[in-house]
Amino acid sequence: MRLHTTTWDGGDRVAVLVHGIMADHRTWRRVGPALAERGHRVVAVDLRGHGASGRARTYTARDHADDLVETLPRGADLAVGHSLGALALALAVERLAPRRAVYADPAWYLPAGEGGYRGELFASLKTASRERIRAMNPRWEEADVDIELESLAVWDEATAYGLEAVAGTDLTPLAPVVPSLVTPADPSRLVPAERAALLRERGFEVRVVRGAGHTVHRDDFDAFMDALDGWAGRAGGGTAGGGVAVTPP
């Protein structure tokens with residue numbers, strides 16, 4: 001499927017952004033312009049079943065990855081994925097071949113069984129009230145709450161059930177295909193301390209944004225961008241902005 005995209009023009013370098021479940025390109029409302037200011041042409045997708053992209057009969061992790069390959073330019077300077085978007089990006093990264101990749105609180109392992117991942121729980125958020133969204137995300141700006149409600153209104157909740165097929169399957173990459181940064185939440189249910197340590201052993205850079213929730217880039221935009229700037233500059237692939245306001249686990 002060819003996905004709907006939104007672009008911020010800022011330079012010759014290319015950055016691509018992939019949102020998480022229930023969201024769409026608007027989750028990057030601050031990240032996109034910030035990367036454009038740093039000299040990137042930024043392309044943000046709406047995954048199938050999200051935003052302005054089409055609906056489908058199936059919503060597997062592989063479907064999302066294949067859609068990214070169909071839609072995004074190969075060889076981008078930077079690719080950023082959050083949660084489900086990070087899972088899809090990891091499954092597509094070898095084919096997309098970006099110079100660098102960033103995985104924000106990636107959904108590489110969803111536990112199964114009692115207390116594990118259940119699509120119906122996510123699907124129930126389709127009709128979540130403003131009060132519930134605010135309670136779940138106390139650090140968000142009001143603009144992000146507004147966007148979340150708008151994104152939920154156009155979201156196909158069937159996407160939540162599509163992930164049940166990978167619950168209990170560890171899809172954590174064995175090694176980074178390209179230089180890769182992981183930015184877990186603090187604390188993170190998806191990347192707890194022991195999994196973060198494993199990722200570092202496998203060659204990933206891991207930087208925890210202290211106190212941030214699952215949507216790291218919305219909970220603490222400044223620290224998230226500091227992580228990108230500091231890591232990109234140290235890796236020799238981008239402009240180093242302010243100091244890094246994050247620490248390893």
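**Entry 1: Asp-63**

I began with Asp-63 and found its place in helix 2. The model I am reading is a predicted one. I then asked whether Asp-63 is buried or exposed. Its relative accessible area is 16%, so I recorded Asp-63 as buried, the cut-off for that word being under 20%. Leaving out residues up to four places away in sequence, I noted that Asp-63 touches Arg-48 and Thr-58.

**Entry 2: The sheet**

I next looked up the strands. Seven of them form an open sheet, and I wrote down the order as 1-3-2-4-5-6-7, with mixed pairing. Which strands stand at the edges? They are strand 1 (4-8) and strand 7 (205-206). Each has a single partner strand, so one side of each is left without a neighbour in the sheet.

I followed one pairing further. Strand 5 and strand 6 (residues 180-183) run in the parallel sense and are joined over four bridges. For Ala-101, I found the bridge partner in strand 6 to be Ser-180. I then turned to the helix that packs on the sheet: helix 3 touches strand 2, strand 4 (78-82) and strand 5. The direction of helix 3 makes about 135° with that of strand 4.

**Entry 3: The nonpolar cores**

I looked up the largest nonpolar core, which has 50 residues. Which of these touch the most other members? I listed Ile-21, Leu-68, Leu-72, Tyr-103, Trp-108 and Leu-163. Several elements each supply at least two residues of this core, among them strand 2 (13-18), strand 3 (40-46), helix 2 (61-71), helix 6 (142-154) and helix 8 (193-201). The largest share, ten residues, comes from helix 3. I set beside this a general remark: in soluble globular proteins, nonpolar side chains tend to be buried together.

I then took Leu-163 by itself. Apart from its neighbours within four places in sequence, Leu-163 is in contact with Ile-21, Tyr-59, Leu-84, Leu-87, Leu-110 and Tyr-117. I also noted a second, separate core of 25 residues, including Ala-34, Ala-185, Val-209 and Phe-224.

**Entry 4: Backbone details in the loops**

I checked the loops for points of backbone geometry. Ser-83 is in the loop between strand 4 and helix 3. Although Ser-83 is not a glycine, it has a positive phi of about 55°. I recorded Ser-83 as buried, because its relative accessible area is 7%.

Asp-105 gave me another positive phi, of about 40°, and Asp-105 is not a glycine either. I located Asp-105 in the loop between strand 5 and helix 4 (119-123). Its relative accessible area is 2%, so I recorded Asp-105 as buried.

Where is Pro-187 found? I placed Pro-187 in the loop between strand 6 and helix 8. The peptide bond from Asp-186 to Pro-187 is cis, and I noted its omega as near -5°.

**Entry 5: The largest pocket**

I closed with the largest pocket, whose volume is about 1000 Å³. It is lined by 42 residues, and those closest to its centre are Ser-83, Phe-122, Arg-189, Leu-190 and His-214. Ser-83 thus appears again in my notes, having been entered above for its positive phi. I looked up which helices each supply at least two residues of the lining, and found helix 4, helix 5 (130-136), helix 6 and helix 9 (216-219). The largest share of the lining, three residues, comes from helix 5.

Technical notes: Residues numbered from 1 in each chain as written. Predicted model: local features only at pLDDT ≥ 70, side-chain atom pairs only at ≥ 80, totals over all residues. Heavy atoms only, no water. Core = buried A, V, L, I, M, F, W, Y, C linked by side-chain atoms within 4.5 Å. Buried < 20%, exposed > 50% of the residue type's maximum accessible area, 1.4 Å probe, protein only. Contact = heavy atoms within 4.5 Å. Pairing = 2+ DSSP bridges. Axes fitted to C-alpha atoms, helices over the stretch in contact; angles between N-to-C directions. 1 Å grid on protein atoms, 1.4 Å probe; cavity = no way out; pocket = protein on both sides within 12 Å on 5 of 7 lines; lining within 4 Å. Points joined across faces, edges and corners; volume = space filled by probe spheres on them.
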